[in-house]
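Biologist: Please take me closely through a single part of this model, the nonpolar core, and then set it against the chains around it. I would like each term to come with its cut-offs.

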Amino acid sequence: MAKSAPEYQPDPVTMVAYHRALAEHADSLKAYAARLLGDSMAAEDVAQDAFLALYRHLNQVPTAAFRPWLFRVARNLCLDQLRRRKFKLSLFRDLQRDDEQPFTPVDTAADRPDQIAESREASLAIEQAIADLPAKFREAFLLCEVEGLSYEDAAAVMGCPVKTVSTRLFRARQRFQSLVSRLIKV
Amino acid sequence: MNCTTCRFELSQCLDGRLPSGRRTLVLEHVDSCAACGRFWGDLQRAQQLVLRLPKQRVGPAFQEQLWERIRAGEGTPEAVFHEPVPLWTKARYALSGAAAAAVLLAGVLWLRHDERRPSGDGAVVAAAEGSAEGGAAAGGGATARPTGSPLPQGVAVAGGQVASLPPPAMFAAAQRLTADAVAVEAARQFEQRYDTARQRLRQADLGQDAAVGGVLDEANELHQLAEVLLDLRDCDRLSFRDAEVGADLRVAANLLGQSRLQKRSLDTVRAFVAPALQQSERLGHLARLIRVRPSFDGAEVRAEQELLRRLSTQRPDVLPKLFYVLSHDAAFGVPPRSDALWFEDDCGTGFVAPRSRVAEGNVQFQWFRVQIGGTGR
């Protein structure tokens, strides 16, 4: 299941960088994996596996490259899980969303029940629009638009040229706009 | 410039990747073309929608589990590097799946045939016992409030029992104990201890062995305070003036938390505590770098009290370190003080004072502390 881990003690500077990465990227890594997998719990495992892998490779990964490296690893782990789960995915994704949404209101300023319901509905519609994007476009959209990675970092994660990232992102934005046009016009 | 090119470049413009000259050209086209103008507006609004999506957070045990796995020497998951799955592994998956299905099936069959399951009755009995105990505790608590106890494990919702005696003059100006008061006090104490810890760290660096224990003790206290502050940040009761401060605090909390799990040695101080204390100068002024949300009032008192109850249950050691519990009886005849805070628990109304105010040399509280003896510890 897992490779044997060589004993390695990182130096304090690298440890600070690792802790910083843990503080700054764990949530976004989980969010990214959750959108790829449609499963929040599995996403948390993926994020943890990615950080475990990073710890084991701290001596090989430059601190400046932690973020794209983590996303790349998370992507590989997600693809591996998706390959294994295949068609079961959509069922679980829908159930998971139903379970999670009520606990995460979009707009905390909206305190009236109708506003909360409205913002939840909007949130669901946005998530659905993202899920409906073609896989390649969705990947660029999630990395750049949602998680805020640079084109270069996204290219490193996706394993493609930077130009391809910008083209896919543009296509993704076009489709996303049409999918959420109702919300945009409101 | 045609519209297709313009729209493609608008997407890059949105990410700030267009050179300024090109950007000017694109935006000029947007001004003169209604369709591209709409596209540009929609592009920005769509981005705003995405930014408003709820943020996912990892669970509270995420880091703890991760460090456990690291300590246990767990290796890198295979899928990280896309290694092909060997045939034997595939077969093992199939066998594991079959075995799991068999176990599940056996479990279902067993449950269906076992009509006398003790767990249901047991649960009822346990629930009944629990409620009986709860009732007794509530009933007894109204008459006997332990003096000199640390801050209560659970702070009760307002409207429960109220102390039968009128409050002494000292508490006449007391404010309700709220989460923002906890945040302010935690930040103050963090700042003070941060300073102390850094001094001890310098002593430890100079080879004073006795200082190592002191540094690690301070690290432990700092870790707890940092976790409380981060908890309150997560509950939206506190924010940092700069996002970097929050990140610095998280990093410091992680490193200091790690130091608690290691051997008490100079190596641990150097590997974990020193980086935590030296990575950011900002943490030395933490009390000035936080913003607290004003305390709840009206109908939201219940939510506030629930938050305090949760905080005191989850971190029972921390709140007594933040506040002195003031004796009700000993406060008669003492002039009013606005530093005092009141709360209600199962035993009625209690009063506390922030420890940092006392430590600042406030004569009245110092005197009061002497009067109440060991109560404030």
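Modeller: What follows starts with the basis of the model, turns to the core, and then moves outwards to the chains.

This is a predicted model, in which local features need pLDDT of at least 70 and side-chain atom pairs count only at pLDDT 80 or more, while totals for chains, interfaces and linings use all residues. Residues are numbered from 1 along each chain as its sequence is written, and chains are lettered from A and ligands numbered from 1 in the order in which they are written.

A nonpolar core here is a set of buried Ala, Val, Leu, Ile, Met, Phe, Trp, Tyr and Cys residues joined through C-beta atoms within 7 Å. A residue is buried if 20 or more other C-beta atoms lie within 10 Å of its own, exposed if 12 or fewer, and partly exposed in between, with the C-beta atoms placed from the backbone. The largest nonpolar core has 123 residues, and those that touch the most other members are A:Ala33, A:Ala50, A:Ala74, B:Leu229 and B:Val273. Helix H1 (residues 12-37) of chain A provides the largest share of this core, 15 residues; helices (H or I, at least four residues) and strands (E, at least two) are DSSP runs, numbered from the N terminus.

Leaving aside neighbours within four places in sequence, B:Leu229 is in contact with B:Ala183, B:Ala186, B:Ala187, B:Phe190, B:Leu238 and B:Leu249, a contact being two residues whose C-beta atoms, placed from the backbone, lie within 7 Å. One of these partners, B:Leu238, is found in strand E2 of chain B, and B:Leu238 counts as buried because 24 other C-beta atoms lie within 10 Å. Not counting residues up to four places away in sequence, B:Leu238 touches B:Ala183, B:Leu229, B:Leu232, B:Arg233, B:Ile290, B:Val292 and B:Arg293. For B:Ile290, which is 52 residues apart from B:Leu238 along the chain, the separation of the C-alpha atoms is 6.8 Å.

The loop between H8 and strand E2 (238-240) of chain B holds B:Asp236, which has a positive phi of about 65° although it is not a glycine. With 11 C-beta neighbours inside 10 Å, B:Asp236 is exposed. Within helix H8 (residues 209-234) of chain B lies B:Asn220, which is partly exposed because it has 17 other C-beta atoms within 10 Å. The C-alpha atoms of B:Asn220 and B:Val273 are 9.7 Å from each other, across 53 residues along the chain.

Turning to the chains, chain B has 14 helices and six strands, and buried residues make up 32% of its 377 residues. Chain A has nine helices and zero strands, with 44% of its 186 residues buried. The average pLDDT (the predictor's confidence in each residue, from 0 to 100) of chain A is 80, and 76% of the residues score at least 70. Over residues 87-110 of chain A the pLDDT is below 50, although this stretch has 32 contacts in the model beyond near neighbours in sequence.

Helix H6 (residues 135-146) of chain A is mostly covered, nine of its twelve residues being buried; among them are A:Phe137, A:Arg138, A:Glu139 and A:Phe141. After H6(A) comes A:Gly148, with a positive phi near 75°.

Finally, where the two chains touch, 45 residues come from chain B and 51 residues from chain A. On the side of chain B that touches chain A, helix H1 (3-14), helix H3 (34-51), helix H4 (62-71), helix H9 (243-260) and helix H10 (266-278) of chain B each supply at least two residues, and H3(B) gives the most, with seven residues. By class, that side of chain B has 20 nonpolar, 13 polar and twelve charged residues, where Ala, Val, Leu, Ile, Met, Phe, Trp, Tyr, Cys and Pro count as nonpolar, Asp, Glu, Lys and Arg as charged, and the others, Gly among them, as polar.
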